[in-house]
Every structure is written in structure tokens, then in C-alpha cells.
Amino acid sequence: NFVLLRCTRYRNCRLNHYLSHNANLNIKTLSDIIEYNKNTDQAIKYGQSTLIEDNATSGSLTEPQYISTLIERKNYTTMVDELFEKNQIDIVLCMSYTNVAPFIGYPAATIPIGIKSNNIPIGSYWMGKKYDETTLLKILDVIERDLNKNFNIYKYIVNAKSSGRQI
């Protein structure tokens, strides 16, 4: 997930602009949010370290790390485009969740394929061609319907709950 996070680190310039121009807010900067979270019981539970890291960037979108992340995103986009074109495929089943699809702007979805012995659902992660959400969703609909003929995760959950088992 580090690639996606590196790219989003540079949102502080937009956030500071939004906060400073919103008359309805007492908080005007990302630094104000960080300080608020340090001094109140109503602080966010997660993400304070991310806010601090965001605040440490200039937000100018010209820092070398940001530029290298844009280049990396372009390289991933080229690689994934070539994967789809060279193999003439419409969707890809990923071996595990990856942040590549959201990082490069491709559609992705997870569908249930089973339940582990401890009642935790198992999902499969799929990625489609850029700008082709429709094909991804149509194919996943067929796959999920076919899987549900043999395994209905929703029926399993209802049956487990009605029998008093913890899910």
C-alpha cells in the first residue's frame, strides 16, 4: 500500500486551502487538526500519524518523491495496459488484494468465494480494464451467480446466525 499512500501524502495543500476558506470551521489548517487530536478525547482513533506525515510535506507537488511517484504510477499503468492488450483479456483475478488498481485508476472489485473455518469470509479480488467498469461488473455478476449455485455465502450467514453460531 506504500505506493498509493506516497501519492496521497501531497493532499495537504488542497486540505489547507479548503479549511482556510470555510467560514463554518474553527480549524483552518492541517496543523490545527493535529493539535486538536492531541488535546481532546474526541480525537480520531486512527490516522494521526498519517496527518503528521502529510503535514511534513510542502504540498507544492514539486517534491522529488512526489514526482517519482507520478513516474511510478505511469510505469504501472503502461505495464497493466500491456497485460490486458497482449493477452486480450477483459479482467484479471489477482492473487491477493493489491493497491495497483486504485493507484492507477482501474476498476477493481471483490466478490465472496467462501468461508474460512473460523467463519471469516474469503474474497477474490478482480481488476478490469481502465474505463471499463461495466465489463468487470457483468463478468463478476456471472461468476458470483455461478458460485452461489454451489455456495451461497448469504444463506450461510443467515443459517449460522439463526443457529446461534458466532460470525
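Tutor: Before we begin with this predicted model, one definition is needed: two strands are said to pair if DSSP finds at least two bridges between them.

Student: With that in mind, which residue of strand 3 does A109 stand opposite?

Tutor: Strand 2 covers residues 108-115 and strand 3 covers residues 121-128, and the two pair in the antiparallel sense over seven bridges. Along this pairing P112 stands opposite G123, while the residue of strand 3 that stands opposite A109 is W126.

Student: Which residue in the hairpin of strand 2 and strand 3 takes a positive phi?

Tutor: The hairpin that links these two strands has five residues between them. Among the residues of this hairpin, a positive phi near 70 degrees is taken by N119.

Student: In what order do the three strands lie in the open sheet?

Tutor: Strand 3 pairs with strand 2 over seven bridges, and four bridges join strand 3 to strand 1, again in an antiparallel arrangement. In that second pairing, the bridge partner of I91 is G128 of strand 3. The three strands therefore form an open antiparallel sheet, and their order is 1-3-2.

Student: Which strands are the edge strands of this sheet?

Tutor: An edge strand here pairs on one side only. That description fits strand 1, residues 91-94, and also strand 2. Neighbouring strands of the sheet are turned by 30 degrees against each other on average, direction ignored, and the edge strands are strand 1 and strand 2.

Student: Is Y106 buried or exposed?

Tutor: Y106 lies in the loop between helix 6, residues 100-104, and strand 2. Leaving aside residues up to four places away in sequence, Y106 touches several others, including F84, M127 and G128. Because buried means under 20% relative accessible area, and Y106 has 5% relative accessibility, Y106 counts as buried.

Student: How many Å apart in space are Y106 and T77, C-alpha to C-alpha?

Tutor: T77 is among the residues that Y106 touches. The two are 29 residues apart in sequence, and their C-alpha to C-alpha separation in space is 8.8 Å.

Conventions
Residues are numbered from 1 along each chain as its sequence is written. This is a predicted model: local features need pLDDT of at least 70, side-chain atom pairs count only at pLDDT 80 or more; totals for chains, interfaces and linings use all residues. Side-chain values use heavy atoms; hydrogens and water are left out. Axes are lines fitted to C-alpha atoms, for helices over the stretch in contact, and angles run from 0 to 180 degrees between N-to-C directions. Buried means under 20% relative accessible area, exposed over 50%, partly exposed in between (1.4 Å probe, protein chains only). Contact means heavy atoms within 4.5 Å.
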